[in-house]
Amino acid sequence: MNNNNDQLYYSKIEKIVKYKSLGEIQDTVDVSTKIYEYNNTLSLDQRREALGNDLATRFFDLFAKEDSAWNTSFVSEFYAGYAEMLYLAAKPAKTLMTNPAFNYEISKLMNSSTDLTLVNNYQLDYLENLLQDNAVNWSYNTVTMQDIENETAGTYDFIFLTMFEIYHDVSMVKNFCNALNSKGTMLISYTNDDARLYSAENEYSQAYEMHQELKSISGVNVYHSPAITGHTVVIKD
Amino acid sequence: MAFDAQKNIEYVEKQLAYFMMILGLDPNSLDTVTIDELLDAARDFSKVNRGQISNIYNVVENIGNTPKDIYAGSPEYVFLKNQRIFLILSIRRFWYWRQLALGALNREQ
């Protein structure tokens, strides 16, 4: 969300789609605020120098602000809707997810409609420590990132991860892909690498390299949507 | 199975240690090193300067652009700049995730 033109663009999209949103923007604000306030209780260095201008590290303070452009336009619903759409179309029996705090409403949908496994990371900690309440009967398994590295995490019909988990070692995308069942769908969000994927000399970006890793795997189709921060989808034969 | 704070921090610290070794820093100093020191080391390690760009004045199609434009758009520059971004982004993220992991670990103790 860079300028008024972006907001105008998504206001047009809002008028042409019809679906029942999983949650309200206020839900996102509330979840993000809880996490933001918890983070403030930690001895967390939140200087710009320490965190950078990075969605991976600033997600919750950004989304906690009610007047953030991400909360005052259709853009966030549009982005979440893409994941929801793929998930509903795939109808997976087994699902692996890495980011329940970024996508709390979708994780609740998954919890109620699939055999859900969550990755052992800070997002799972947020879910268990801050977000779970009596309104939802949570039931999921967990796997560690070490399990993903060792390819002992099991196999799934649907995998939802962000590129943040594999940015430091994009070859790990193969491990996630190897955990995908035949006919399975994998959605990776935030794959445009701050738009470096579309710039001149884009082949020197981590995102480009990750896509090359994916393309080198036999028996998969790789799709990319450049909207907002980019979604990449892999569907296995 | 619930969140395992120990396994989480082991993974995060292993990745951070990897980047520290790239920078020539001792991973055993993780408890005392600061994010500023890590970022300074990363910046020193991945300095980009004009001397590394071999052909900035030989790009005929770029006549009309300033030398700075040619320099910023050259493949060598973009490659080096992206390597630098990769290093700094990765260090910042794992540093942040380590702070969160420590918070979870301390809460459990």
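This passage walks through a predicted model with chains A and B, from the fold of chain B to the contacts, the core and two backbone outliers. Because the model is predicted, local features need pLDDT of at least 70 and side-chain atom pairs count only at pLDDT 80 or more, while totals for chains, interfaces and linings use all residues. Residues are numbered from 1 along each chain as its sequence is written, and chains are lettered from A and ligands numbered from 1 in the order in which they are written.

Chain B is simple to describe: four helices and zero strands, which read along the sequence as α-α-α-α. Helices here are DSSP runs of H or I with at least four residues, strands are E runs of at least two, and both are numbered from the N terminus. Of its 109 residues, 28% count as buried, meaning that 20 or more other C-beta atoms, placed from the backbone, lie within 10 Å of a residue's own (12 or fewer is exposed, and in between is partly exposed). Among the chain B contacts with a separation of 6 or more, 62% join residues 24 or more positions apart; a contact takes two C-beta atoms, placed from the backbone, within 7 Å.

Between the chains, 30 residues of chain A are in contact with 29 residues of chain B. On the chain A side, α3 (48-51), α4 (55-64), α8 (122-131), β3 (141-143) and α9 (145-150) each supply at least two residues. The top contributor is α8(A), with four. This side of chain A is a mix of twelve nonpolar, eleven polar and seven charged residues. In that count Ala, Val, Leu, Ile, Met, Phe, Trp, Tyr, Cys and Pro are nonpolar, Asp, Glu, Lys and Arg are charged, and the others, Gly among them, are polar.

Helix α4(A) has T57(A), F59(A), F63(A) and A64(A) as its buried residues. Their cover includes α2 (25-41), α3 and α5 (69-72) of chain A, together with α4 of chain B.

Helix α2(A) also packs on α8(A), at about 95 degrees with the axes 11 Å apart. These axes are lines fitted to C-alpha atoms over the stretch in contact, and angles run from 0 to 180 degrees between N-to-C directions. The two helices are therefore roughly perpendicular, a label for angles of 65 to 115 degrees (under 35 is roughly parallel, over 145 roughly antiparallel, the rest oblique). V31(A), K34(A), I35(A) and Y38(A) of α2(A) meet Y126(A), L130(A) and L131(A) of α8(A). That contact comprises six nonpolar residues, no polar ones and one charged.

The largest nonpolar core (buried Ala, Val, Leu, Ile, Met, Phe, Trp, Tyr and Cys joined through C-beta atoms within 7 Å) holds 72 residues, of which I159(A), M163(A), F176(A) and M186(A) touch the most other members. Helix α4 (75-108) of chain B gives the most to this core, with eleven residues. Both domain 1 (4-76) and domain 2 (77-236) of chain A contribute residues, so the core lies between them; the bounds come from an automatic or database domain assignment. Leaving out residues up to four places away in sequence, F176(A) touches I148(A), I159(A), L161(A) and M186(A).

Most residues other than glycine have a negative phi. K91(A), however, has a positive phi near 45 degrees, and Y190(A) one near 60 degrees. K91(A) sits in the loop between α6 (75-90) and β1 (94-97) of chain A and is exposed, with 11 other C-beta atoms within 10 Å. Y190(A) lies in the loop between β5 (180-189) and α11 (206-215) of chain A, and counts as buried with 24 C-beta neighbours inside 10 Å.
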